[in-house]
Amino acid sequence: MIYPRKMKRVQMTVLKSDIDNVIEYLGRNGAMHFSHAEDNTESDGSARIKTLLDRLHACAEFLEIELPTEPAADSTLCGETAEDQTESRAKALAEKLCAAIDVLKARELAVRQERQHIEEAYNEARAFANLNAPFSDLDHLSYLTLRVGHLDPAELPELKERLVNRAVIVPLGDDRVLAASSRKGRFALDTELKKCGFTIIAIPEAYQGVPSELLEGLQRRLDGVDRDFVKINGEKIQMRDELQAALQKLASLLFMVLAVERLKSQLTSTSSIYLFSGWVPADMISQLAADTASMTGGRTAIRVFNPNEIPEVRNGSEKVPVSLKHGAFVKGFEGMVLSYGAPPYGAIDPTPLVAFFYTLLFGIMFGDLGQGFVLLLLGLLAGKHGLKQLARFSKFSIPLVTVGIASMVMGFLTGEMFTSEHLLIAPTRAITAALTGQPMDRILTILPLAEKGGSITKLFYFFGFTIGIGIIINSLGLLINIVNCCILKKYREAFFTKTGLAGLLFFWYAICIGLRCIFGGRGVTFEFFDIAGLCIPLLCIFFGPVIWRCITRTQPILEHGLMAFIMEGIVEMMETASNYFSNTASFLRVGAFALSHAILAFVVFRFTEDLANTGTVAGSVSALLVLVFGNLVIILLEGLIVAIQVMRLQYYEFFGKFFTSTGVAFSPFRFNK
């Protein structure tokens, strides 16, 4: 399509009992663009759902489950009658799942803390096990506090329960026990021991080191905790296997509910109805009306308005969103256009031209049959039916396929395949002999000395061809701007500016003078009428503001005074001449990059050929490595440079002519981004 899709403002009145179904339909079909400002404040309903999602994410992170970031394609709202039925069901299920996970999480945390506590005590006790110092002096260790004494065995379970993880109790046989705690926990340990009737045993002064019973007891406790940890980890794996599908489905549902709640909080509503107001493509309105009437039993009222019937559009406070509709080839390049800006509503859509010229220029600058096939293959692998690992690059699939094909065509014309100059000679001779009766090694020669009889003249012809493409692209940009300005009723910009009709006539006449001098022979010179042909458009640009203010009878004629008018006019004329010269000469880079690509391929091929001709195994292996590495460098590095250069030509030389203002891209409410 040469123009964006026609848009209509649609107002819908929906009963509260039907609101969830209607919103679900809109979210799945991406039918309506809401122009109201985004409200960052959370309603009570969306805040509750957000809390549920945060808790669900924490539980999923504990189980090492990856949750979706948006609703799945098969997610549906389960509320049919009660407005909050979906939320209540989701909340009940989330609470049930999270409660079970929280219990396991608490057990794991307790075991982890106990293990850390015992391990610290064990490591420090072991460090002082062979210390030749009285046992009584070990009470001053940096971490460990030791107590040895008598305790009724019946009191032991209660003591362990009261101390929890604050100390380690090691039975030493009979009624003797050894207690160990951290330094900061020694007061709590002494207090609890005293309550249980613990009596300290006097350690002989000659006794040195840490008792072996303590180390053995700590090791047994450590082993027991490790067994508990392994058991909990097994339960965690089992729970992950059992709950993964349920958690992912629940998260997907909650994302849908959250989107619905956020939208509902921004809509105008009463106690019984909701009011929608948004932009819908004109070709979708009939289906939208039929579907909503079917799902609500005809309980939906719809009003449709043209853009010029909306006061906000007429006074310029609101822009009509722009929706582009293309086939697969052109659609692959929509992102490039929208990254620069959406065209104004009603203006010409440049995406088809961008798709064609981007493919053409890339192919010219990156001509190699084998390397182009690699780009084609990458595009196919990143596509819908390609590798899942490359699915995130799917938006580059179509551009890669198209530029790959263009590079393959250019590579066949120049006779290059993976930098080799010989692989395509036989098929090229067969085809050219069949078509022209005269076999040729290659159809197109870029390097002047690439073959016997090569001429620098062919190179100049090639550069002239790239300049010709630049003239066409610049002219199309100017024509688009003239048409767009007429559509938007900006007539002064359409006729009396450097990117309007006056600038186009100046550009075309200057090109005609250049062509006449090049192809007209030595006797052709600059004639007196050429002055008029160049000056009349420039004078229209110079006096453009005055002419237009006279036509529209706007006062004063010189808006900012005589001196400002003269300075602005002179600068505008100088910019017109210099810009058109630089914009046209900029397309020399197309030929320059095509030449640099050919030279780099020539170097890789000659280097590979020289190594292969040494007749040694090392030479053959080296030749293969150079060939593979050289092609990889060309594909990755030069391919990226060429892609950037072609984009630069599109943005600055083409878009700069008519993208003086931008529109708003059609961004409908949808669940799946």
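This report walks through a predicted model of one protein chain, from its overall make-up to some of its side-chain pairs.

## The chain as a whole

Let's start with the big picture. The chain has 673 residues, and 43% of them count as buried. Its secondary structure comes to 22 helices and 10 strands. The accessible surface adds up to about 35400 Å², and carbon and sulfur atoms hold 62% of that area.

How much of the contact map joins residues far apart in sequence? Among contacts with a separation of 6 or more, 78% are between residues 24 or more positions apart. Keep that number in mind, as two of the pairs described further on link parts of the chain that are distant in sequence.

## A helix that is mostly covered

Helix α11 covers residues 351-365, and it is a friendly place to practise some arithmetic. With 15 residues at 1.5 Å a residue, α11 should span 21 Å. The C-alpha atoms at its two ends are 21 Å apart, so the model agrees with the expected value.

Is α11 mostly covered or mostly open? It is mostly covered, with 11 of its 15 residues buried. Among the buried ones are the aromatic residues Phe357, Tyr358 and Phe362. The buried set also includes Thr351, Val354, Ala355, Thr359 and Leu361. At the end of the helix, Gly363, Ile364 and Met365 are buried as well.

## A nonpolar patch on the surface

Nonpolar side chains can also be found on the outside of this model. Leu479, Tyr491, Phe495, Leu501, Leu505 and Trp508 make up a nonpolar patch on the surface, and together they have about 500 Å² of accessible area. Two elements give two or more residues each to this patch: α16 (491-495) and α17 (501-519). Which of them gives the most? It is α17, with 3 residues.

Tyr491 is a good member to look at in the structure. This tyrosine sits in helix α16. Its relative accessible area is 35%, so it counts as partly exposed.

## Salt bridges across the chain

Side chains of opposite charge can pair when their charged atoms come close. In this model, the count comes to 24 salt bridges. One of them joins glutamate 318 to arginine 9, with the closest N and O atoms 2.6 Å apart. Arginine 9 belongs to strand β1 (residues 7-15), while glutamate 318 is in the loop between α8 (311-314) and β9 (321-322), so this pair, 309 residues apart, links distant parts of the chain. Are these two partners buried or exposed? Both are buried.

Another pair is glutamate 235 with arginine 107, where the closest N and O atoms are 2.8 Å apart. Glutamate 235 is in helix α6 (residues 212-266) and arginine 107 is in helix α3, so their pairing ties together parts that are 128 residues apart in sequence. Glutamate 235 is partly exposed at 25% relative accessibility, and arginine 107 is partly exposed at 36%.

## A closer look at helix α3

Helix α3 also holds a salt bridge within itself. Aspartate 102 and lysine 105 both lie in α3, 3 residues apart, which is about one turn of the helix. Their side chains meet at 4.0 Å, N to O. Aspartate 102 has a relative accessible area of 26% and is partly exposed, and lysine 105, at 27%, is partly exposed too. These two residues belong to a network of salt bridges that also takes in Arg55 and Glu95.

Glutamate 108 is in α3 as well, and the helix runs over residues 85-127. Is glutamate 108 buried or exposed? Its relative accessibility is 8%, so it counts as buried. Leaving aside residues up to four places away in sequence, glutamate 108 touches Phe62, Phe229, Ile232 and Lys236. Phenylalanine 229 is 121 residues away from glutamate 108 in sequence, yet their C-alpha atoms are 7.0 Å apart in space.

## Cysteines

What does a search for disulfides find in the whole structure? It finds 0 disulfides. Two cysteines show different surroundings: cysteine 196 is buried, with a relative accessible area of 6%, whereas cysteine 550 is partly exposed at 42%.

Key. Residues are numbered from 1 along each chain as its sequence is written. This is a predicted model: local features need pLDDT of at least 70, side-chain atom pairs count only at pLDDT 80 or more; totals for chains, interfaces and linings use all residues. Side-chain values use heavy atoms; hydrogens and water are left out. Patches are made of residues with over 30% relative accessible area and no salt bridge: like charges are joined within 9 Å, nonpolar side chains (Val, Leu, Ile, Met, Phe, Trp, Tyr) within 5 Å. Accessible areas come from the Shrake-Rupley method with a 1.4 Å probe; for residues, only the protein chains shown count as cover. Helices (H or I, at least four residues) and strands (E, at least two) are DSSP runs, numbered from the N terminus. Buried means under 20% relative accessible area, exposed over 50%, partly exposed in between (1.4 Å probe, protein chains only). Contact means heavy atoms within 4.5 Å. A disulfide is a pair of cysteine sulfur atoms within 2.5 Å. The expected span of a helix is 1.5 Å times one less than its number of residues.
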